[in-house]
Amino acid sequence: QVQLVESGGGLVQTGGSLRISCAASGSIFRLDNMYWYRQGIGKERELVAGITSSGMPHYGDSLKDRFTISRDNAKNTVYLQMNSLKPEDTAVYYCNANIKIRAGTGSIYNYWGQGTQVTVSS
């Protein structure tokens with residue numbers, strides 16, 4: 001059993017900062033790429049950022065200048081630092097990860113967290 005648990009969401013004013021976290025736990029042989037997605041009300045889920053197991057980040061359109069993804073492999077945790085937040089950043093932020101659950105070929109599965117709400121007030 002593998003779980004992804006997000007934390008750190010909340011209410012912040014426009015221009016403020018917030019850091020959200022996602023910790024993976026359970027039967028993990030290897031934690032591969034990890035991602036943050038978000039979904040606002042009435043909007044499709046979109047990729048915010050991703051990071052490889054070696055720490056190489058990539059970002060969704062127009063977010064690189066304000067958001068920073070990082071990870072701590074010792075803690076099986078990925079972070080998203082969000083700066084200069086705008087009301088349009090309001091969404092549920094979801095953690096996603098590719099996880100190898102046992103040694104040998106195959107056994108790589110994709111998991112989602114339950115989401116954490118980020119609300120930016122104007």
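Two short exercises on a predicted model follow, each with a worked solution.

Residues are numbered from 1 along each chain as its sequence is written. Local features need pLDDT of at least 70, side-chain atom pairs count only at pLDDT 80 or more, totals for chains, interfaces and linings use all residues, and side-chain values use heavy atoms, with hydrogens and water left out.

**Exercise 1. The core**

Find which residues touch the most other members of the largest nonpolar core, and which strand gives the most to this core.

Step 1. A nonpolar core is a set of buried Ala, Val, Leu, Ile, Met, Phe, Trp, Tyr and Cys residues joined through side-chain atoms within 4.5 Å. Buried means under 20% relative accessible area (1.4 Å probe, protein chains only).

Step 2. The largest such core holds 28 residues. Those touching the most other members are Trp-36, Val-48, Phe-67, Val-78, Leu-80, Met-82 and Tyr-93.

Step 3. Strands (DSSP runs of E, at least two residues, numbered from the N terminus) come next. Those supplying at least two core residues each include E3 (18–26), E4 (30–39) and E9 (91–100). E9 gives the most, with five.

Step 4. Take Tyr-93, leaving aside its neighbours within four places in sequence. Its contacts (heavy atoms within 4.5 Å) include Trp-36, Val-48, Phe-67, Leu-80 and Met-82.

**Exercise 2. The disulfide**

Find which residues the disulfide joins, and work out its handedness.

Step 1. A disulfide is a pair of cysteine sulfur atoms within 2.5 Å. The whole structure has one.

Step 2. Cys-22 is joined to Cys-95, S to S 2.1 Å. Cys-22 lies in E3 and Cys-95 in E9, so the pair ties together parts 73 residues apart in sequence.

Step 3. The S-S torsion is about -80 degrees, so the disulfide is left-handed.

Step 4. Cys-22 is buried, at 0% relative accessibility. Cys-95 is buried, also at 0%.

Notes:
Buried < 20%, exposed > 50% of the residue type's maximum accessible area, 1.4 Å probe, protein only. Helix = DSSP H or I, 4+ residues; strand = E, 2+ residues; numbered from the N terminus.
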